[in-house]
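Subject: Structure handover

Hello,

I am passing on the structure we spoke about. Please open it first; my notes on what was found follow below.

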Amino acid sequence: MTLSEVTGISGEAGNFQVTVREHPRYVDMDKCIACGECAAKCPKKVDSEYEAGTSKRKAIYVKYAQAVPLKYQIDAEQCIMLTKGKCGLCSKICPAGAINYKDTEKIHEINVGAVVLAPGFEAYQPGKDNVWGYGVYPNVVTALQFERYMSASGPTEGHLIRPSDGKEITKVAFLQCVGSRDENKCGNSYCSSVCCMYAIKEAVMAKDHVPGLRTSIFMMDMRTHGKDFDRYYQRAHDESGVRFVRCRVHGIEPEGDSGDLRLHYINEEGRQVEEFFDMVVLSVGLEVPEHVKKLSDIAGIKLTKDCFAATSDFSPVSTSKEGIFTCGAFAGPKDIPQSVVEGSAAAAAVADILAPSRGALTREKTFPEERDITTEDPKIGVFVCHCGSNIAGVIDVEAVADYAGTLPNVTHVERNLFSCSQDTQDNMMQTIREQGLNRVVVAACTPRTHEPLFRETLKAAGLNEYLVEMANIRNQNSWVHAKDPSIATTKAKDLVRMAVAKVDRQVSLKPISVPITQKALVVGGGIAGMTAALNMAEQGFEVHLVEKTDSLGGNALYLAHTWSGEPIRQKTQQLVEKVTANKDIIIHMKSEVTAAKGFVGNFTTTISSADGLTQKISHGVGVVAIGARPYRPKEYGYGVIQNVVTALEFDRLFKLKE
Ligand SMILES: Cc1cc2nc3c(=O)[nH]c(=O)nc-3n(C[C@H](O)[C@H](O)[C@H](O)COP(=O)(O)OP(=O)(O)OC[C@H]3O[C@@H](n4cnc5c(N)ncnc54)[C@H](O)[C@@H]3O)c2cc1C
Ligand code: SF4
Ligand code: SF4
């Protein structure tokens, strides 16, 4: 459900009632074929949110070229027809009759067992207070805008030029912690955790865009914690030549009318320095938007002081309300890999509480019985797509269709304005049945995105889904040979001939199904391994948990408290008790994996125990959670001076005190 927002959540874990308001799109999703004719003619231009205000979009628009669903929508606040009752151009131009100015909002009531809140973040808006001249000096941009300038699909097609005068940039400055770690300017005292890394990435990538570009990052400190992050920071400095300046910036001014920006800062020696740049990029932090705070109220969950979802260290995707989970930047500023990990964790947590009703609402799509074509001679139908003007604007589609009609075993040829539109799908289905076609060629776009759709059409027409072949006369032809229609038309004929020859030899196929062993193996009985094992067991799967030592708990057993004060040993002990009490978890203590073979769904792993016994375990999936070993220092007199201890040993001293 797009253009939709949650306006109410009531009930409890296992049985929530959610109210969703679906805003009107003013474009019929079933009819819109995303040809873009409407946006081309719409006279109303506004700042594009997707391009972070670096370029314009129309009042009728798709957010970006690969948007899902790829359907147009009208911005009701900008549309001249919806605001003033005039215009109506898009309705006149739309070839599919998809425009509906009378569309209204719809309210949906949904019954769900669990809720995941993943509304993400909003980048800090420096324009509110004209921070560092943003909104006043055109060459001061945010990091999000800089991302768009660097993108090949962005407003400058990846050319790094200044917004003020279009001059290619030669010297760019990044200012860190804008909207973070600064109570005075923005009220956000927290670190946004991703902006150091993305600034380094942008500085390195910008150098690839403009050879010789000088990039400087102005910062208090670089926070590059994470797998391989610090190495990337070093490489940016040593190999890419990104300059890092630890300082306190105190002003930016324009240098006359030149468009250049004068940056003042106090360096580490306490000296005042002045430097000039073509462009200044503000590394903006992550904030929770107001509408998300409202959503939290609706859901009745607690927020932290900084308005991120409050969670516990031992169940980081559970909110304060049972059955409501969270993940991603709403649970705290974080990057994509961490957001993905949390997304999976939230899904696993939901699968756990919904396990008793798994599959209860699943419905299988039904298709008519498949026609047996083994004794039939090939009867091939060729459908040549215009794709609006995408194909027909370059290729002589009529000539291609005529040519297709001369090919062996082709008994039907037709041209479609948009082969993937719902009405063409329906027609295609009917034609296959009426004409007794037993093989189909669609000369259109790429099979990567569209073959699944045409396979469904064949199935719906009672044909085996593998009797379709696509000739890619758009992406690999009209788009690349747009300036040479004659060559493109010849190539289209060749592609169609090859597709016809191929489909002519195709036979009905059946997908092979391979049984999956519904068991899991987890290697490592620390916090991570036990959490994974418990989750899968609570979903009803048999789990084999292999632990090398004679006790579960791993390194957490030596730790006292988390930074927020949660008792680690106590929580770990509770987890150990749950794991040992779960009848679906088979624990192999003092055991190690000595061999493994197989493939996803069907592994066989050999585990050997300290007493010399070996056992082969069949399982469908495996989780390796063998943790890490604390480094044993050879420096600082460790092992020689009694009072020099590691952090782990220091925590153990706390334990002794307790
Ligand atoms: C300038 C910049 C550069 C970055 N570069 C990188 C990078 O290079 N690498 C990296 O790993 N990370 C990067 N990040 C961080 C990255 O953007 C986040 O980690 C990631 O987007 C978080 O994903 P998310 O799904 O939690 O949130 P979001 O990406 O914010 O997605 C949340 C989604 O929820 C929708 N939504 C919001 N409210 C509601 C509601 N009430 N109802 C329904 N839907 C709603 C939103 O429309 C949105 O689609 C960067 C961030 C910034 C600001
Ligand atoms: S009616 Fe609205 S969306 Fe359609 S063309 Fe006119 S301004 Fe654009
Ligand atoms: S990640 Fe870096 S730039 Fe972002 S707030 Fe933290 S220290 Fe500042």
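Start with ligand 1, which has 18 residues around it; the nearest of them are Lys-201, Ala-329, Lys-334, Asp-335 and Ile-336. Please keep in mind throughout that this is a predicted model.

Three of those residues make backbone contacts with the ligand. A polar backbone atom of Lys-334 is 2.6 Å from an oxygen atom of ligand 1. For Ile-336, the distance from a polar backbone atom to an oxygen atom of ligand 1 is 2.7 Å. Between them in the sequence, Asp-335 has a backbone N or O atom 3.4 Å from an oxygen atom of the ligand. On its own, ligand 1 has 990 Å² of accessible area, and the protein covers 66% of that.

Where does the shell around ligand 1 come from? Helix 4 (143-150), helix 5 (195-209), helix 7 (290-299) and helix 8 (336-354) each give at least two residues to it. By class, the shell holds ten nonpolar, four polar and four charged residues.

Ligand 2 is surrounded by Cys-42, Pro-43, Ile-60, Cys-79, Ile-80, Met-81, Cys-87, Gly-88, Leu-89, Cys-90 and Tyr-101. Two or more of the shell residues come from helix 2 (80-84), and likewise from helix 3 (89-93). Ten residues of this shell are nonpolar and one is polar, with no charged residue.

One residue of that shell deserves a separate look. Cys-87 sits in the loop between helix 2 and helix 3. Its phi is near 85°, a positive value in a residue that is not glycine. Most residues other than glycine have a negative phi, and most peptide bonds are trans. The second half of that statement has its own exception here: the peptide bond from Val-68 to Pro-69 is cis, with omega near 0°. Pro-69 belongs to the loop between strand 5 (60-61) and strand 6 (73-74).

Around ligand 3 are Gln-176, Cys-177, Ser-180, Arg-181, Cys-191, Ser-192, Ser-193, Val-194, Cys-195, Cys-196 and Arg-223. Strand 11 (171-178) and helix 5 are the elements that supply two or more residues to this shell. Helix 5 also contributes at least two residues to the shell around ligand 1. The shell around ligand 3 divides into five nonpolar, four polar and two charged residues.

The last item is a pair of helices. Helix 15 (residues 527-538) and helix 16 (residues 568-581) pack with their axes 10 Å apart, at an angle of about 40°. Why are the two helices called oblique to each other? Angles under 35 degrees count as roughly parallel and 65 to 115 as roughly perpendicular, so helix 15 and helix 16, at about 40°, are oblique. Their crossing is left-handed.

Regards

Notes: Residues numbered from 1 in each chain as written. Chains lettered and ligands numbered in written order. Predicted model: local features only at pLDDT ≥ 70, side-chain atom pairs only at ≥ 80, totals over all residues. Heavy atoms only, no water. Near = heavy atom within 4 Å. Polar contact = N/O pair within 3.5 Å; in protein donor to acceptor, adjacent residues only side chain to side chain. Areas by Shrake-Rupley, 256 points an atom, 1.4 Å probe, with all protein chains shown as cover. Helix = DSSP H or I, 4+ residues; strand = E, 2+ residues; numbered from the N terminus. Nonpolar A, V, L, I, M, F, W, Y, C, P; charged D, E, K, R; others polar. Axes fitted to C-alpha atoms, helices over the stretch in contact; angles between N-to-C directions. Parallel < 35°, antiparallel > 145°, perpendicular 65-115°, else oblique. Left-handed = near helix turned anticlockwise from the far one by under 90°.
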